[in-house]
Amino acid sequence: MSMTFTVHAPPATENVLKLSGEPEFPIKSIDWNIKNLDEIINSIKHSGCVRVKGFLNADEIAASEAAVRPALDAARYSSPEDPTKRLARLPQHCPALTEKILTDKVYLGVMDKFLTIRHTSWLGASKKFQTEEVPIVAMSSIFEVGPGMHAQDLHRDDSIWYNPFPAIKPEEYQFGRDVSISFFVAGTRTTVANGATKVIPGSHLTAADSQPDPSKVVDAELEAGDAFFMLSSCYHGAGANSTEDEKRLVYALFMQKAHLRQEENFALFLDHDLVRSYPIDVQRRLGYDVCVPNLGWVDHASPLESVLKQKGADKRNMPGYNPVEGVADERAKHSWHETEAKALGTA
Ligand SMILES: O=C(O)CCC(=O)C(=O)O
Ligand SMILES: [Fe+2]
C-alpha cells in the first residue's frame, strides 16, 4: 500500500535481534536461480519475508530505470517535507519489467503457494462444485525516495482488506492466512542511510490488531537488482533517507487473492491497447479475467472477451454462470461472441 506519513515513527533500535546470535526470525538471502522454491517459501512462512538475490541483471536494472526516468523526472514532490516521487501504473511506465515479474517462475510460484484460493459448495444435493483461483496483481508502484525523507510509520500493507487474523506460533502458519504479498525490486542499492525498508520479521504471526514493537525492527538492505518478498501482514515502513544526495529507487508489484477488490484500480485507467499488448496470462494476472467461477464479469463474460475483444479467452468451461459438468444451460452451448456479442453488435 502506498502511504505517505507525516507522523514520524518512533526511533528504531536497529538489528537488536542480531546481538544475541541467530535471530529468531532471520531475513534470509536466497539466490534467484534456485531450482526448488521450498527454501524461499519456508523462510516467508517463518519470518514473513525473504531477500532474493539477483532478480534483475545489470542490463535490466539500467533498462528499467531508462523506461521510468522521464516520468519520474516529470513528477513533482508533493511537498518539501515529502521528497519522495511515487508513480503508480508500472504496467504503463515499465512494460518489460512488468512482464518479467508476471511471468517469472519464482515470483508466481511463491505468490500462488500463499495466495491461491479454493472453495467448495454444492448445487442441489448431488453436484459438488469446487473452484480454485490464482492471485492477481494488487498494486504497482515506482518510488524514488530523496534525501531528507522522514521514516514512515510502521504499518501493515494488508490493513486495507480488513483481514482479521489471530496470533499464532510459527509452526501454526497455514497457507491462506495472508491475503496479499508485497514485492519490491531495488532499482538502486538500498541502505540504512538512504532509507532501506525497515521490517519486523515475525510480525505476520501477531494478531491483526496488535501494535508493532519498534525494538524488533530490522533493515532490509538490498543490492540493486535484488528483490524482497514480504507477507503484507508484516509490519514495515520506509526508513529515513539521511544522505546528502542519494536517491533510493524501488519498484513494487504486489499480489493479492483474486476475489478481493484490487488495491490499484487498473481497469478504470489503463489503456486497453496497452493491456492487450501483454501476453494473455499477464493480462489475467493484471485482473482482466473473471475470478472463477464468476467474479468480475462484464456483460456476463470475462472482460478479456467482452472488453478487450479477445475471442475465446474466457477460460471457464461455460460462458454463463454454470460451471458444473452436465448442467449446461442454453447459453453455454455457444461462445459468448456467437450470442451476446452479436446481440450487442460488437462481434
Ligand atoms: O519505501 C519503502 O521501502 C516501503 C514503502 C511502503 O511500505 C509503503 O509505501 O507502503
Ligand atoms: Fe508499506
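Start by selecting His155 and His236: both are buried (under 20% relative accessible area; over 50% is exposed and in between is partly exposed, with a 1.4 Å probe and protein chains only). Before going further, know that this is a predicted model, where local features need pLDDT of at least 70, side-chain atom pairs count only at pLDDT 80 or more, and totals for chains, interfaces and linings use all residues. Residues are numbered from 1 along each chain as its sequence is written, chains are lettered from A and ligands numbered from 1 in the order in which they are written, and side-chain values use heavy atoms, with hydrogens and water left out.

**The iron site**

Now show ligand 2, the iron ion. Its protein donors are His155 (NE2), Asp157 (OD) and His236 (NE2), 2.2 Å away. Donors here are N, O and S atoms within 2.8 Å of the metal (3.2 Å for Na, K and Ca); water is not among the atoms, so sites may look incomplete. Along the chain the donors are spaced as H-x1-D-x78-H. His155 sits in the loop between strand E6 (136–145) and strand E7 (180–186) while His236 is in strand E11, so the pair ties together parts that are 81 residues apart in sequence. Helices (H or I, at least four residues) and strands (E, at least two) are DSSP runs, numbered from the N terminus.

Stay with His236 for a moment: in E11, His236 is the bridge partner of Val199. Strand E8 (residues 198–199) pairs with E11 in the antiparallel sense over 2 bridges; strands pair if DSSP finds at least two bridges between them. Zoom out a little and you get an open sheet of 3 strands, ordered E9-E8-E11 with antiparallel pairing. Its edges are strand E9 (218–219) and strand E11 (236–237), each pairing on one side only.

**The seven-stranded sheet**

Next, colour the strands in the order E1-E2-E10-E7-E12-E6-E3: these 7 form an open sheet with mixed pairing. Strand E1 (29–31) and strand E3 (84–87) are the edges, each paired on one side only. From one strand to the next, the twist averages 25°. (For angles, axes are lines fitted to C-alpha atoms, for helices over the stretch in contact, and angles run from 0 to 180 degrees between N-to-C directions.)

In the sheet, pick E7 and strand E12 (residues 248–256), which pair in the antiparallel sense over 5 bridges. Click Val185 and you'll find Tyr251 as its bridge partner in E12. Then add helix H1 (residues 38–47), which packs on the sheet, touching E1, strand E2 (49–53) and strand E10 (227–231), at about 145° to the direction of E2. Contact means heavy atoms within 4.5 Å. Helix H4 (residues 95–102) lies across E6, E7 and E12, at about 45° to E12.

**Nonpolar cores**

Switch to side chains. A nonpolar core is a set of buried Ala, Val, Leu, Ile, Met, Phe, Trp, Tyr and Cys residues joined through side-chain atoms within 4.5 Å. The largest one has 54 residues, and Ile40, Tyr107, Val110, Phe114, Phe183 and Phe229 touch the most other members. Helix H5 (residues 105–115) gives the largest share, 7 residues. Leaving aside neighbours within four places in sequence, Ile40 is in contact with Ile30, Ile34, Val50, Val52, Val106, Val110 and Phe229. Another core, of 21 residues, lies apart from it and includes Cys49, Phe143, Met230 and Ala252.

**A hairpin and some odd backbones**

Select strand E4 (residues 117–123) and strand E5 (residues 127–133), an antiparallel pair over 7 bridges. His119 stands opposite Thr131 in E5. This hairpin has 3 residues between the strands, and Gly124 takes a positive phi near 65°.

Arg89 has a positive phi of about 60° although it is not a glycine. Arg89 is in the loop between E3 and helix H3 (90–93) and is partly exposed, with a relative accessible area of 23%. Tyr162, also not a glycine, has a positive phi of about 60°; Tyr162 lies in the loop between E6 and E7 and counts as exposed at 74% relative accessibility.

Last stop: the peptide bond joining Val292 and Pro293 is cis, with omega about 0°. Pro293 lies in the loop between helix H7 (280–288) and helix H8 (303–306).
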